[in-house]
Amino acid sequence: MFGLYGILDIIFWLLSVGAFVLSGWALVHALRIPAHAFPAAGKQTKRLWLIILGLATLFTFAAAINYLGMGMGLPNIFTIAAVIGAGIYLADVKPAVNGYRGGGNQGPYGPW
């Protein structure tokens, strides 16, 4: 049924899909945060983070669909760098800029 390589291919594909979801989540979060929040939190600019996360999402998407069969299911250096970039954003930048999220109606006890 499944040989050793079949099981490893499935595992690496699941890891690639997980990396794509991670990068996509970070990109969507960065798009929703106002540009002034990044320098106010002492982080790099929003434009730089959007470039990093956009490339990360692109590379992890290519790994997840195994772009033109060239990757043979194994993560390459670009995929690993993409996961590191998205991980840095989610672990360091996201908590710092969350307080600056623009809200609509703010009452005295929070949003309403």
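Starting at the N terminus, the elements of this protein line up as α-α-α-α-β-β, which amounts to 4 helices and 2 strands. Keep in mind that this is a predicted model.

Here's the overall picture. Of the 112 residues in the protein, 25% are buried. The accessible surface is about 7,500 Å², and carbon and sulfur atoms own 72% of that area. As for contacts with a separation of 6 or more, 69% of them link residues 24 or more positions apart.

Now for the inside. The largest nonpolar core has 13 residues, and the ones touching the most other members are F38, L53, Y89 and V97. Each of the four helices below supplies at least two residues of this core, with helix 4 giving the most, at 5 residues.

| Helix | Residues |
|---|---|
| Helix 1 | 4-32 |
| Helix 2 | 37-40 |
| Helix 3 | 46-65 |
| Helix 4 | 77-97 |

F38 is worth a click in your viewer. Leaving out residues up to four places away in sequence, F38 touches A30, I33, K43, Q44, T45, K46, W49, Y89, V93 and V97. Y89 and V97 turn up again here, having already appeared with F38 among the core residues that touch the most other members.

Helix 3 makes a nice geometry check. How far apart should the ends of its 20 residues be, at 1.5 Å a residue? The expected span is 28 Å, and the end C-alpha atoms are indeed 28 Å apart, so the two values agree.

Which residues of helix 3 are buried? They are K46, W49, L53, A56, T57, T60, A63 and A64. These residues cover an arc of only 130° around the axis, so they sit on the same side of helix 3. The sequence spacing fits a general rule: an α-helix has 3.6 residues a turn, so residues three or four places apart point the same way. On the face turned away from the buried side, helix 3 carries the exposed residues R47 and L58. Right after helix 3 comes N66, with a positive phi near 55°.

Finally, the annotation. An unreviewed UniProt entry places the feature "transmembrane region" at residues 6-28, 48-68 and 74-91. What does the model show over residues 6-28? The chain there is 100% helix and 0% strand, and its end C-alpha atoms are 33 Å apart.

Definitions and conventions: Residues numbered from 1 in each chain as written. Predicted model: local features only at pLDDT ≥ 70, side-chain atom pairs only at ≥ 80, totals over all residues. Heavy atoms only, no water. Core = buried A, V, L, I, M, F, W, Y, C linked by side-chain atoms within 4.5 Å. Buried < 20%, exposed > 50% of the residue type's maximum accessible area, 1.4 Å probe, protein only. Contact = heavy atoms within 4.5 Å. Expected span 1.5 Å × (residues − 1). Arc of directions from axis to C-beta. Areas by Shrake-Rupley, 256 points an atom, 1.4 Å probe, with all protein chains shown as cover. UniProt positions renumbered as here; feature names shortened; annotations may be inferred.
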